Structures are given as structure tokens and as C-alpha cells.
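Let's take a walk through this structure together, moving from contacts to cores, sheets and confidence. Please have the coordinates open as you read.

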Amino acid sequence: MLNDFINQVGPSTVGGLSIGAIYALIALGYTMVYGVLRLINFAHSEIFMIGAFAALFVIMKIGITGPLTGIALVGMLLLLMLVAMAASGGAAVVLEQVAYRPLRRHGAGRLAALISAIGASIFLQELFALVIIPEVFDRPSQGRIQVPVPRLLDRETLLTIGNTEIRNDHVIIIVSAVIMMVLLDVFVNRTKIGRGIRATSQDPETATLMGVNIDRVIRTTFLVGGAMAGVAALLYAMELENLRYNVGFLLGVKAFTAAVLGGIGNLRGALLGGLALGLIENWGAIFFGSEWKDVIAFTILVLVLLFRPTGILGESLQRARA
Amino acid sequence: MRSKIARLGGIVAVGTALTLGLAACGSGTDDASSSGGQSDGGGATTLKIGFMGDLTGENSALMIPPSQGAQLAVDEFNAKSTGVKVELVKYDSQGNPDQAVPLAQKAVTEDKIVAMVGPGFSGESRNVGPVLEQGKIPSVTGSATNPALAENGWKYWHRVVANDAIQGPAIADFLVKAKSPKKAFVIDDAQEYGVGLADAVAQEFEKQSVAVERDKIDPNGSDYSSTVTKVNAAKPDVIYYGGYYAQLGRLLKQLRDGGVTATVVSGDGAVDIKLVEAAGKEAAEGAVLGCPCLIPFGSDVPELKTFSENYKAKFGSDPLIYASEGYDAATAILKAIEAGNTTPEKINDFLATVDFKGVSKQIKFGPNGDIAANIIHVYQIKDGNLDWLGDTTQAQLG
Amino acid sequence: MNANSKTHSGNPLTSFRRAVGGLSDGVRDRWAAAPGWARWTGYALLIALAVIAPHPAIGSFMAPDSHWPSLLFSPIGTFVLLAVGLNVVVGQAGLLDLGFVAFYAIGAYTMAVFGTKYGWNFWGVLIIAIFMTAISGIVLGSPTLRLRGDYLAIVTLGFGEIVRITAQNTDYIGGARGITNIPHPPTLFGVEFALDPLPYYYLLVAAVVLVVIVAKRLERSRVGRAWEAIREDEDAAELMGVPTFRFKLLAFFVGAMIGGLTGAIWASKVIAIQPPNFPFILSATILAAVVLGGSGNLPGVVIGAFLVAWLPERFRGFADYRILIFGAALVLMMALRPEGLLPARRRRNVLGNGENDAGAAATESGGTTASGDAGDKEVAK
């Protein structure tokens, strides 16, 4: 057992941090929306999926079939990242307009918003399975079958420590996630609209009285949270190279778990929660087998919540500065 | 009071509108189904045979070829037959037992089918079996390979392929002969079919004193890095995966990226050329697949050649996995009808004695409904194509 | 959040909302105002309707593309019973449970294990199954019910997945193969329980009637009032001396028992159960049924469950598109009528005037925000 752990802990850590970074980026969307609206944006997993397919669409339109190198690779990844961010961010704003705003206008409870979110989630998945994948991606009657993504990046080992190989794709994922988190932190803490977001998450009534345009804050929150999911989507597509209509579901559940683990509403908590969840899953798999990954993740979540009922770093956006 | 009346009026109006709307939809679908249905106005009797399987779901790629195979057999029969005509009614269960049972009840009680080709998968077969048994409707499946299905004592159930208890050991034996491995790593997708096959393979390896390590992957997940880590730590000579091609594709890609070079082997659920697409051409190269199915890739055997040509002429594509078995399953039933048996009971009696050279193999059933001939074929991915190497007794790994 | 709700009250969506709302509220108000005998006649008529429902003439309209009596048992009957159970947790006590399928699974597995391994009688196992799920409700509830709102949601979601994955990986209960050859119930009053779905359907109808009576009794008792107090404002309830934790646990206990009962009956019909029978989406669908029908109001919940189970089967002719339409319908329904088709009367009073009076709704959202902050302060200490 211990032998297994020593043999596997290095590669597991690298794998755990990579998937954890993707969880973290998706978790940001959940955590920001929750902070502002106290709403579990259940359709966020489909926002992620839309970004991933948008990136794939551009890859196909440009006609990339093999790995790129050097400046072409960097340029292409940046372009695809912008595309995925725009698609996910835009979809999130539309989702808010269609599925949440009408409910908010009428003061409906959060339960109704959750059901609306579940409905939107089902709708978007089926829309891709029935219409978009068969038509736009030209795979008639194969809407529920995974779509391969061409390889963008040749895997290269950059560094070998013992039996642990650190590959270029792992580095790109983890570094991109951290850069995005830093940018977001600056955005929320240093800009006017960021202040609005923090104020709203602290106290929406007072924020309104203080002249914060709540609708604009909410729109921005969805846009930025969606864009982060777009970044995650590109990294996911690049790393795992396959997409399907329900690709977001499991990732969404994990990312939401990560957000709660870190302390929902807390941006840095999302990063911490994501990385922690990735590591816990992969380390746990060494001892118990990969089939127990999810059980381990949820058990740790319950244990953490029992001792720290608001997650590792505690709730609420405005405390992000602390 | 006024407002109450107004409200009542509203209720009636909306209620009527809804009813009309529903009725309109209802009659629309009724028309559609009846026009395809009993159009036996010409005097000749039309018998209905059901086909049940996953026609639009996630694993429909495995079920569309046999449904077309069965359709081909029925069309050929109708072209020849002067008296009785046969109609193939398709029931799309999406491979889901919960959907399959009501459809089977409907097939038996309302559509009055005389026999069924299918159900396609083992899970639905197990739940549908008792319904057909009670309705005394014979069934012939061309693809449900769970061994336990033959152990229910069902009198109306038959299958034309070898089961997983034969496939697993046969492929393990074949690998021991071809590769003489010291250590094997057996992975499955934690689903019924995959676990069953993986267990059978692992047991046979252990019997042949090959060390076995195991792990499972989440079929809905995509990141299999923890499994790759385990495989890398174990350094096996051969890897067996029990499950379907979509997950195998992802796994293969990640294994090869992770530096694993051992031969990867899988079963009938992964026999699909889309495996190459899912894994990428390089990662898929050399993967070995065992299957009780016979896919006639450009075969020169006359029956296979005719079948392939007719199939292609009709459906515009080569016959893929389980197409020939679907054809044989339907043919067994059609032979019974040809011999003048038009009731389910008589067809079932005839099936007990049937013995003919089908497209895929000799079709003859044992007393429990299982096929007498136990043949497992070996396929390999070479240059992005699926090559047939022969059955396990004669295939040579390239 | 409701700052500019007034400026939009004239749009067509709003007027349509009002029309739909007026319609179903009218039904409910008339029902509430009806004298006792009329209501009893109503109940009797409903039961009579349930009894004659499997008739082929009804079936030919209700389910032209499938087998109507089978559908009446599952999904329609099982959804109704599950929704009534979930309604106790979500509708009455206001606890957001996203893992209700776990209790359904535990009930089904209990029936399967005791039926196949020990060969116990159906009725005996039914009681054990209810008991087991009640225990599991407490096991899940005692650590987690101290959590607030949405934390509870993710933890219950996790619980549902834990139960499914554990079943999948535990060889004693069949692992991924599940359990097969589950015995049917013994013959009752000369009715044989075999493959025909009808006897099971009537068994479910009986269970629904029984459970609805119990749920109605509970709702009108001290327990029901305590749940309502917790649902509306947990802090206030606690201050007023309601032992909130104990009542929340009781809600889980009762809901779990109903879930287990459904699972056990279902398992005795279907011959074989497997872990994939209990996916998360089933929890979500039942929750949608409760909210769609009108969380907290039993007739609404029953109608919601019926619609959610029946409509996708009714429109089988549209093949795959029915699920797409279902998703869109949920979004649309929530926009038109967020409180459900037949909402609870008292709740309607709180929420329903929101469109005219921003204050009412603001109180609601303000209340939740305040409680969230209270949670914060607790941690800060």
C-alpha cells in the first residue's frame, strides 16, 4: 500500500493539479453567481460545454489537423481562448436574460430559479445532441457520440523527477489557470464594476441605494464567470481532446463541489477548492482504486463542511481581499 | 361573481384548447404510425416481427447495423414469398431496460408480433425476457452476450452469438499464446457488460498464472490520469479493457500520452472504426479486439460476399458490427415462417430444430437457447483500419 | 434586485402569466371554498379516475406510442409517490434535497437483497425497506442538516452519487450487475402479482392514497406548522422556541421513508435493478415535478409529477425532441409561474404579490441574504 503510494504519488499529483485547475476555473462561475444572486447556476456546466464546442468550431474552420509549434501554437491557443471566452461569456449573459431575469423581475424564489436552471441545462444539452453537433459539426445522427478534437499540442516531457514526468500540457493548464485567477482577483478588487460586484454580494439592497446598477453587476458577473468557464473549456479540449453534449455535467458537479469546498462566494476559495479536489481524488484513487474517486471527493466535502460550515476559506466575495 | 364566471370561462377555454391541441397531436402521430402499420388490405396475411434495440441512443452505432441486417433479411423474404408477408416493426429502447419493458408489453399485447429479433443489449434482454416468455413470443438476439441470460430457463429465448463467458477466456488464451505475458492489467468501465467481460478475462489470465492488476474508469468522466498512473506503476505486458469504444478511445489516448506501450486489447463493445477517431490514429494503432461477431471485411467467402454486396446496395454502407448476426437472427425466424409456421408457438418449436448455414456461422441452438458454435474472431487496428485476423484458433498478431 | 420590476409589468409575458395564474388560482380558490361534502366527492372522483385510468380507451389517447398500463406504474405512479415524499422535505420543510434518488435506491436495494438472498416475504421486506431508508435519512440528516440552504443541496447531491457508486462497486449487492430475479409480491385477495403491471399500479395507488392522507395529517399538525415556520424563516422559528434541527430531521425521516417505499414497490415489479437506474437526473426530475406542480401543495405536486412523467411518454412520437421540449418547458413555466401550477395557499400570499409589490419579494431575497451573512459572522467568531 505504502509502496503503491510512493510509486504513484508524483504522477498523481501532477494529474490532480491539472484537472484541479480546470475545476477551479469552472468553480469561479458558480462562486461568483452564487455570491451575487445566492443562486446555484445549474446551467453553468453547459456554458462550459458551449465554449468548448466554439473552440472546436474555429479549429475545424481554420482546418488544423496536426500539432502546432512555436509562435503558431501560442497564437492559436490565445485566439481559441478568446473565442471560447467570448462564446461562454456571451452564452452566460443570454442564459441570465432568458432563464433568470424574468424570474428575478417577479420576485420568484430561488427554488424556481434552480428549476429554471435545470431546465436550461437539459435544453442546452439536447440542443447540442439533436441539432448543433449533427448539423454544425456535420455528424448526422451521431449527436450523442463524442466528437474528437484534433491535437493542438504535442506532448513533451519538460522535467523528470524520479518517476514523475512533468509535461508541457500540464504546465500550460496550471499556469493559465493561475494567471486567470490573478487577473480576476485584480478585476474584482481594483475596478469600479468589481467593487459593485462585491457590494452586491455583501448587501444587494444597500448596494442599490448606493447607486450600484444591479442589473449591470449581474450581467457582468455572468459574463466574467462564463468567460472563466471558456478558458477552462479550451484547456479541457486541448488536454483531453474529446467533447460531447453532456461533457459539462460531471465537471460541473465537481466544480460546484470545489466551490463549496473552498468556500462558496470566495474567489480564492474556488482556486484552492479546485486544486484540493483534484489532488484528493487522485491521491484517494491510489489507495482505493479510481472507481471510488467521486465517493472520496464527496466524503471529504461533507467532512470539511462539518468542521468548517462555510468551506475552507469561508463565504462571500467581499472577503476575498482578506 | 363576475370575475368568477370570467375565470371559469377561462378554464373552459384553455382546457378546450389544450384538449384540441393534444388531440391534434395524437391523431397526427396515429396517422403516421398506422400508415406504416397494418396495410394488409390485399388479402395476403402480414405477420409482424419486432426488432428491439438502441436505435437513437448513445450506443446506437452497435445496433443500427443489425437492425439493417434484419431488415435486409425481411425484404429478401418478402421479395421471394408469394403468400405470407412479413413486416419488421422497430422498437427503439435506447438500450434502456426501463423503456424496453413497456415497449415489449406493447409489442406483445397491442402489435401482436409473432417473434422478435433482439433485444440488442443484455440489460434490456434480462428485463424484456420475462415479458416475452409470458407472452410466448420467441426471440432471437444477435448481440446480447451476457452469459446469465441463458441460465433463466427461458423457453422462447435464443441467441446467435457466443456469450461473454466464452469471449473472455478465448481472448485471454489467445493473448497468452501470442504474447506470453507475465503481467496483465485489466480495466473496466464499472458497468454490467464491461465488468462481466473484464472478470472473465482476469480469471482466465490468473488460471494461466499471469499476474493481474485491476482498475476501473468512470464511463461519464474523461480524465483517466489516475488509471494511467496505476498502469505505469504496474508495467504490464498486456492491457485488457472491458467496455465500449468511446471510453476506450479516451483511455487509449491518455495511456499512450502517458508513455504506456503495452498492447491494448478489448471486446465486442469496442469493435467500431470510430475507435480510431476517438483515440487518434497513432494511439489506436495495433489495438486488438475480440468479438463473437463476424464482420465480412472484403471477404471472398461466397455467402459473405453476396451478403455484403446486397447490404451495401440497400443501405449504402458496408455491413458493420453484428449486421450479419442480425441478418442470421431474422433469417432463423423467417425460415420458420417459410416452413408454414405462422403462430409464435409454432415458430418457437421450429427454432428448436433449426440448423442451417447462416452468413456468420452455422445456426443451431442448444436446449438453453444459446448458439451451438462458439467462435470468437480477432480484429486489429492497422493503419487506421479494422482488420479481421480470423478466429482465435488461427489468428496471428501482426 | 427588484428595483425596476414595475417598468416591465406591461409586457406580454406578464399578462400571460396573470392569465395562467388566474386560471389555476381560480381552481384552487374554488376548491378551498367548497363545502366538505363537495370536497369528499372530489376525492372520491379522483380515486375513481385513478381506478379506471388503465382502461385501453384512455390509454389509446394518453400513450399511443407505448404501453399505457406499464407507464401508469412507472414512471407515472412512482413519480407521483416520490414527489409526494420529496414535497415533505422541499415543499413543507423548505430543505433543498438534490439527492432524493438515494432513498429510492436504498428502498429498491433492500427489497432486492432481502427478497433474493433471504427469500423474505414482500410485505415483511417492505417494512424493513421503509425502516432502512428512515435510518439512512437520519444518517444523512444528522451531520448535514446543520448546514444551511445550498450547502445542503450539494451535500445531498453528493449523497445520491455516493449511494449509486457504492452500489456499483460493492460485490455483495451485485456490483455493476445489480440484482436480478427479485421476487414479486405474493398473491393478494386473489390477485396475482406477475408481469402484468396493473396489480402493481393499484398497489401504488393505494400507497399514494395512504401517504397523501399521512402527509396531509402531518401538514395540519403541530409538526406541519413547525415545518412551515422553518421554511419561512428558520432563525425566527428557532427564536420562537421551535427545535428546528429536530423538525428538519423529522422531515428527512418522513421523506426518506416515502422514497424507500416507492423504491421497494418498484423493485418488486421490475425483476432486476442496477446502479444506473438511480442517476442524479432522476432527483432533478422529481424536484422539477414538485416545483412545477406547486411546492408545498399536495394536489399541485401530484399533478406536477403526473405531467413530468406523462408528457415525455405522450410525445414519444417526437422521439428525441421531447426531452428538449421538456427542458424548455421548465424554463418557460418558471418564468410564467414560478410558484408552480397549484401553489400552496399560504405561500402564494407571501410570494404571489411580488409582481405588484417589489417589497414582498425583496423581503424574501433580503431574508436569505441576511441569513447568509449571519452564517458568515458565526465563522468570523
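Which residues does A52(A) touch once its neighbours within four places in sequence are left aside? In this predicted model, its contacts are A84(A), A233(A), Y236(A), A237(A), L243(A) and V247(A). A52(A) also belongs to the largest nonpolar core, which has 228 residues, and together with L25(A) and A84(A) it touches the most other members. The most generous contributor to this core is helix α8 of chain A, residues 214-240, which gives 18 residues. A second core lies apart from that one and holds 124 residues, including A61(B), V210(B), I239(B) and I371(B). As background, nonpolar side chains in soluble globular proteins tend to be buried together.

Staying with chain A, you will find 11 helices and 4 strands. Chain A has 322 residues, for which a compact globule would have a radius of gyration near 20 Å; the chain has 20 Å, so the two agree. Its C-alpha trace spans about 60 × 50 × 35 Å along the principal axes. Of its 322 residues, 63% are buried. Contacts that bridge long stretches of sequence are plentiful in the count: 77% of those between residues at least 6 apart join residues at least 24 apart.

For one such view of chain A, look at V178(A), which sits in helix α5, residues 168-190. Is V178(A) buried or partly exposed? It has 14 C-beta neighbours inside 10 Å, and since a residue needs 20 or more to be buried and 12 or fewer to be exposed, V178(A) counts as partly exposed. Its C-alpha atom is separated by 8.0 Å from that of A21(A), although the two residues are 157 apart along the chain.

Now turn to chain B, where 7 strands form an open sheet with mixed pairing, in the order β7-β6-β8-β9-β10-β13-β14. The edges are taken by β7 (211-216) and β14 (385-391) of chain B; each has a single partner strand, so one side of each is left without a neighbour in the sheet. On average, neighbouring strands of this sheet are turned by 25 degrees against each other, direction ignored. Helix α7 of chain B, residues 225-234, packs on the sheet and touches β6 (183-188), β7 and β8 (238-242) of chain B. The direction of this helix makes about 170 degrees with that of β6(B).

A good strand to follow within the sheet is β10 of chain B, residues 288-291, which pairs in the parallel sense with β9(B), residues 263-266, over 2 bridges. On this side, V265(B) stands opposite V288(B), and S266(B) has L289(B) as its bridge partner. With β13(B), residues 377-382, strand β10(B) runs antiparallel, and 4 bridges join the pair. There V288(B) stands opposite Q380(B). Both faces of β10(B) are covered: V288(B) and G290(B) are buried on one side, and L289(B) and C291(B) are buried on the other.

The loop between β7 and α7 of chain B holds G221(B). G221(B) is partly exposed, with 18 other C-beta atoms within 10 Å. G221(B) and R250(B) are 29 residues apart in sequence, and their C-alpha atoms are 9.7 Å apart in space.

Chain C comes to 16 helices and 0 strands. Of its 381 residues, 53% count as buried. Among contacts in chain C with a separation of 6 or more, 77% are between residues 24 or more positions apart.

How far can you trust the coordinates? Chain A has a mean pLDDT of 89, with 97% of its residues at 70 or more. Confidence in chain A is lowest in helix α7, residues 204-209, at a mean of 86, and highest in helix α2, residues 44-62, at 95. Over residues 317-322 of chain A, pLDDT stays under 50, and the model has 20 contacts beyond four places in sequence for that stretch. Chain B averages 85, and 89% of its residues score at least 70. In chain B, pLDDT stays under 50 over residues 1-42, a stretch for which the model has 20 contacts beyond four places in sequence. Where pLDDT is low, the predicted coordinates should not be read in detail.

Methods: Residues numbered from 1 in each chain as written. Chains lettered and ligands numbered in written order. Predicted model: local features only at pLDDT ≥ 70, side-chain atom pairs only at ≥ 80, totals over all residues. Pairing = 2+ DSSP bridges. Axes fitted to C-alpha atoms, helices over the stretch in contact; angles between N-to-C directions. Contact = placed C-beta atoms within 7 Å. Core = buried A, V, L, I, M, F, W, Y, C linked by C-beta atoms within 7 Å. pLDDT = per-residue confidence, 0-100. Rg over C-alpha atoms; globule rule 2.2 N^0.38 Å.
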